[in-house]
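Let's take a walk through this model together, going from the overall layout down to a few individual side chains. Keep the viewer open as you read.

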Amino acid sequence: MVNEIPPVRTNPQREFPYILGIGFISVGLAILLEQFLKTGWLVLVILPISGAVFLVESTRAKKLGLLIAGGLIFGAGVGSFLYFSSAFPIGFQQRIGWLIIAFSAGWALITAGSSWVVPQRVWWPMIPGGILFFIGLCFLVTPLRWVDFVLFIAGGVGVVLLIWGVFWRIFGLIIPGSLLITIGPGIYFAWGTEQAVNALSKTGMMIAIFALGWGFIILFSRVVTTKFIWWPLIPGGVMAVVGWGLYIGGDPGNAPSFIANTGSIGLIIFGLYLLLLRKSIHH
């Protein structure tokens with residue numbers, strides 16, 4: 001009988017000093033080369049290199065903590081590079097935006113790499129990652145009013161929760177996601193634009209747009225359930241009637257067009273629901 005040679009198993013604790021040593025060598029070379037080349041940006045690659053070291057070690061040691069540290073350090077390093085580097089002729093507000101977006105990518109990297117580290121992919125990093133992404137986007141494309149932050153943050157979190165709920169078929173995430181994607185626009189169009197003339201009509205517009213979120217619950221619930229979800233029509237209908245009433249009282253002249261616009265969106269949502277029901281997408 002031939003004796004089988006047992007496979008050689010690598011010890012992650014023994015490999016860690018080698019990975020750490022590679023990281024120190026890379027950082028040292030970056031600092032040394034900067035003294036001669038005078039690029040002004042070479043030192044900025046230290047953080048991304050350090051983050052990459054942690055990411056590599058996390059896949060070897062199968063440690064989620066190392067993956068989290070690596071993703072955050074890498075994202076912060078890339079963001080710092082974009083912020084401090086003089087190679088990009090952008091303003092201060094845009095630099096902050098790209099810094100925040102790069103850091104949000106670090107959170108997304110945790111979710112993307114978690115399947116290599118733990119048996120089941122982790123999705124919770126997408127919440128802070130999504131919030132940071134839309135905050136950074138707000139810095140890039142808006143004049144930074146408070147309603148701009150409400151629109152991007154509430155809408156962004158709503159989109160993340162909806163994607164998460166639909167992908168994992170979790171109805172408990174679809175409810176807040178559907179409401180948040182209308183809360184942000186409701187506050188923005190009511191108080192951040194001149195479409196409503198006074199506080200009463202602004203409040204009515206805000207509530208009427210809020211009501212559309214309950215219609216989205218009906219629409220997206222059909223993706224994850226096999227039953228009719230009709231109860232959102234009750235709060236949604238009440239809010240729509242109250243919103244229309246307040247808007248009519250505050251701005252009677254523009255009331256017909258506003259009711260037509262919000263009502264048409266409601267009909268579109270209900271029509272999409274019927275199409276999903278027809279195709280039996282829940283299967």
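A word on burial before we start: a residue is called buried under 20% relative accessible area, exposed over 50%, and partly exposed in between, using a 1.4 Å probe and protein chains only. By that yardstick, Trp123 is partly exposed at 23% relative accessibility; we'll come back to this residue below.

Some ground rules. This is a predicted model, so local features need pLDDT of at least 70 and side-chain atom pairs count only at pLDDT 80 or more, while totals for chains, interfaces and linings use all residues. Residues are numbered from 1 along each chain as its sequence is written, and side-chain values use heavy atoms, with hydrogens and water left out.

Start with the big picture. The protein chain has 10 helices and 0 strands, where helices (H or I, at least four residues) and strands (E, at least two) are DSSP runs numbered from the N terminus. Of the 283 residues in the chain, 40% are buried. Contact here means heavy atoms within 4.5 Å. Among the chain's contacts with a separation of 6 or more, 61% are between residues 24 or more positions apart. The accessible surface comes to about 15,600 Å², and 74% of that belongs to carbon and sulfur atoms; these areas come from the Shrake-Rupley method with a 1.4 Å probe, and for residues only the protein chains shown count as cover.

Now find helix H2, residues 46–61. The expected span of a helix is 1.5 Å times one less than its number of residues. For the 16 residues of H2 that gives 22 Å, and the end C-alpha atoms are indeed 22 Å apart. The buried residues in H2 include Ile46, Pro48, Gly51 and Leu55. Val53, also in this helix, counts as buried at 12% relative accessibility. Its C-alpha atom is separated by 9.9 Å from that of Ile73, 20 residues away along the chain. Right after H2 comes Lys62, with a positive phi near 55 degrees.

Helix H3 (residues 64–84) has 21 residues and reaches 30 Å from its first C-alpha to its last, close to the 30 Å expected. Look at what is buried in H3: Leu66, Leu67, Gly70, Gly71, Gly75, Gly77, Gly79 and Ser80. The cover over the buried residues of H3 includes H2 and H4.

On to the rings. Rings of Phe, Tyr and Trp (its six-membered ring) pair if their centres lie within 6.5 Å; planes under 30 degrees apart count as stacked, over 60 as edge-to-face and the rest as tilted. The structure holds 12 aromatic pairs. One of these joins Trp123 and Trp168, edge-to-face at 6.3 Å centre to centre with 75 degrees between the planes. Trp123 sits in the loop between helix H4 (92–113) and helix H5 (126–141) and Trp168 in helix H6 (residues 146–168), so this pair ties together parts 45 residues apart in sequence. Trp168 is partly exposed at 34% relative accessibility. Another pair is Trp214 with Trp231, whose ring centres are 6.1 Å apart with planes at 70 degrees, so it is edge-to-face. Trp214 lies in helix H8 (residues 199–224) and Trp231 in the loop between H8 and helix H9 (233–250), so the parts tied together are 17 residues apart in sequence. Trp214 is buried at 16% relative accessible area, whereas Trp231 is partly exposed at 40%. Elsewhere, Tyr83, Phe84 and Phe92 form one aromatic cluster.

What about the nonpolar interior? A nonpolar core is a set of buried Ala, Val, Leu, Ile, Met, Phe, Trp, Tyr and Cys residues joined through side-chain atoms within 4.5 Å. The largest one has 11 residues, among them Ile187, Ala190, Met205, Phe210, Tyr247 and Phe258. H7, H8 and helix H10 (255–279) each supply at least two residues of this core, and H8 gives the most, with 5 residues. Apart from this core lies another, of 7 residues, including Trp107, Val117, Val118 and Val122.

Last stop: Thr193, in the loop between helix H7 (171–191) and H8. Thr193 is buried, with a relative accessible area of 16%. Its side chain reaches the backbone oxygen of Phe189 at 2.4 Å, which fits the polar contact criterion: N or O atoms within 3.5 Å, where within protein one must be able to donate a hydrogen and the other to accept it, and residues adjacent in sequence count only if both atoms are side-chain atoms. Not counting residues up to four places away in sequence, Thr193 touches Tyr188 and Lys202. By the same count, Ala190 touches Lys202, Met205 and Met206.
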